[in-house]
Amino acid sequence: MRPSTIFLLLGIVSAAGFALIYGTHASPAPTLSASLPPPPTNQAVDETMGAGMETSELPPNHPPINGTSQNDPGVAPDEEPEALTWKAPPTWPLVPNPNKMRLATYKVSDAELVVSRAGGDIAANIQRWTGQFGASFTLKQSSKTIHDLKVTQVMIDGTYEGGMTGGAGSHDNWSMLAAIVETKGQPYFFKLLGPAATVRASQKAFEAMLDGVTAS
């Protein structure tokens with residue numbers, strides 16, 4: 001064998017051995033999947049951003065939404081529970097109410113007694129009643145306490161020109177005997193309206209009925 005051939009074989013063998021040794025001791029290249037953190041779960045998102053967003057109940061002490069409150073009873077002023085009891089004279093028959101604004105309507109000869117309940121302060125309601133009479137009217141006002149209830153009573157004499165009670169048109173020489181009974185809720189109104197002679201003749205019975213009002 002020639003010397004050049006021997007040297008060529010020795011070089012090939014040496015290169016193969018070197019490659020074998022390097023492949024045995026070299027570390028494998030790292031992969032991307034082993035170094036990346038796991039993706040976030042849906043639970044983590046709910047706890048940090050969306051927890052409770054789809055529930056129908058508000059947390060405790062949460063301010064009201066949509067103009068309502070969890071403690072709002074949702075009761076209209078004309079649907080408040082009754083807070084007053086009274087007894088009309090037996091000669092005053094109870095008749096059907098023409099509208100829902102009245103609690104009771106009694107026929108008093110050719111006059112009418114209306115019991116209702118509404119808001120507003122005392123002065124504003126009295127001003128509204130006097131506005132239903134003509135420019136020339138007389139007004140008498142007094143107040144007293146009945147069974148721990150404050151009662152304001154008024155008598156208005158003059159020409160009644162109409163309102164939410166009474167007939168249409170103008171009525172000369174009419175009177176309104178009214179009382180405002182204050183309760184914990186809205187006040188009660190007792191209004192006796194009609195010809196002055198009838199109202200005056202019924203005043204004692206009207207005041208006796210007021211003396212019997214009691215809080216429920």
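**View 1. Tyr 160 meets its bridge partner, His 171, in strand 7.** This is a predicted model, and we start where strand 6 and strand 7 come together. Strand 7 covers residues 171-181, and its pairing with strand 6 is antiparallel, with nine bridges. Strand 6 itself takes in residues 149-160 and is mostly covered, with ten of its twelve residues buried.

**View 2. Strand 5 and strand 6 make a hairpin with two residues between the strands.** Strand 5 runs over residues 133-146 and pairs with strand 6 in the antiparallel sense, over eleven bridges. Look for Gln 141, which sits opposite Val 154 of strand 6. His 147 is found in the loop between the two strands, strand 5 and strand 6. Its phi is positive, near 50 degrees, and His 147 is not a glycine. Is His 147 buried or partly exposed? With a relative accessibility of 47%, His 147 falls in the partly exposed class.

**View 3. Asn 173 is another spot to check if you like backbone torsions.** Asn 173 isn't a glycine, yet its phi is positive, at about 55 degrees. This residue belongs to strand 7. Asn 173 counts as exposed because its relative accessible area is 60%, and the cut-off for that class is over 50%.

**View 4. Seven antiparallel strands build an open sheet, ordered 2-3-4-8-7-6-5.** At the edges are strand 2 and strand 5, each of which pairs on one side only. Further in, strand 7 pairs with strand 8 (residues 188-195), again in the antiparallel sense, through eight bridges. Here Val 181 stands opposite Tyr 188 of strand 8.

**View 5. Helix 6 lies across five strands: strand 4, strand 5, strand 6, strand 7 and strand 8.** The helix is made of residues 203-211, and strand 4 of residues 111-117. How is helix 6 angled to strand 7? The helix runs at about 15 degrees to strand 7.

**View 6. The largest nonpolar core has 25 residues.** Which members touch the most others? They are Leu 113, Val 181, Phe 190, Leu 192, Phe 206 and Leu 210. At least two core residues come from each of strand 3 (102-108), strand 4, strand 6, strand 7, strand 8 and helix 6. A second core, separate from this one, holds twelve residues, including Ile 126, Trp 129, Ile 156 and Trp 174.

**View 7. Now zoom in on Leu 192 and its contacts.** Setting aside neighbours within four places in sequence, Leu 192 contacts Val 108, Ala 111, Glu 112 and Leu 113, among others. The same list also includes Ser 175, Met 176 and Leu 177, along with Val 199, Ser 202 and Phe 206. Leu 192 and Phe 206 are both among the core members that touch the most others.

**View 8. Pro 93 sits in the loop between strand 1 (84-85) and strand 2 (94-95).** Not counting residues up to four places away in sequence, Pro 93 touches Thr 105, Tyr 106 and Lys 107. For Pro 93 and Thr 105, which are twelve residues apart along the chain, the C-alpha atoms are separated by 8.5 Å. Even with these contacts, Pro 93 is partly exposed, at a relative accessible area of 42%.

How values were computed
Residues are numbered from 1 along each chain as its sequence is written. This is a predicted model: local features need pLDDT of at least 70, side-chain atom pairs count only at pLDDT 80 or more; totals for chains, interfaces and linings use all residues. Side-chain values use heavy atoms; hydrogens and water are left out. Buried means under 20% relative accessible area, exposed over 50%, partly exposed in between (1.4 Å probe, protein chains only). Helices (H or I, at least four residues) and strands (E, at least two) are DSSP runs, numbered from the N terminus. Two strands pair if DSSP finds at least two bridges between them. Contact means heavy atoms within 4.5 Å. Axes are lines fitted to C-alpha atoms, for helices over the stretch in contact, and angles run from 0 to 180 degrees between N-to-C directions. A nonpolar core is a set of buried Ala, Val, Leu, Ile, Met, Phe, Trp, Tyr and Cys residues joined through side-chain atoms within 4.5 Å.
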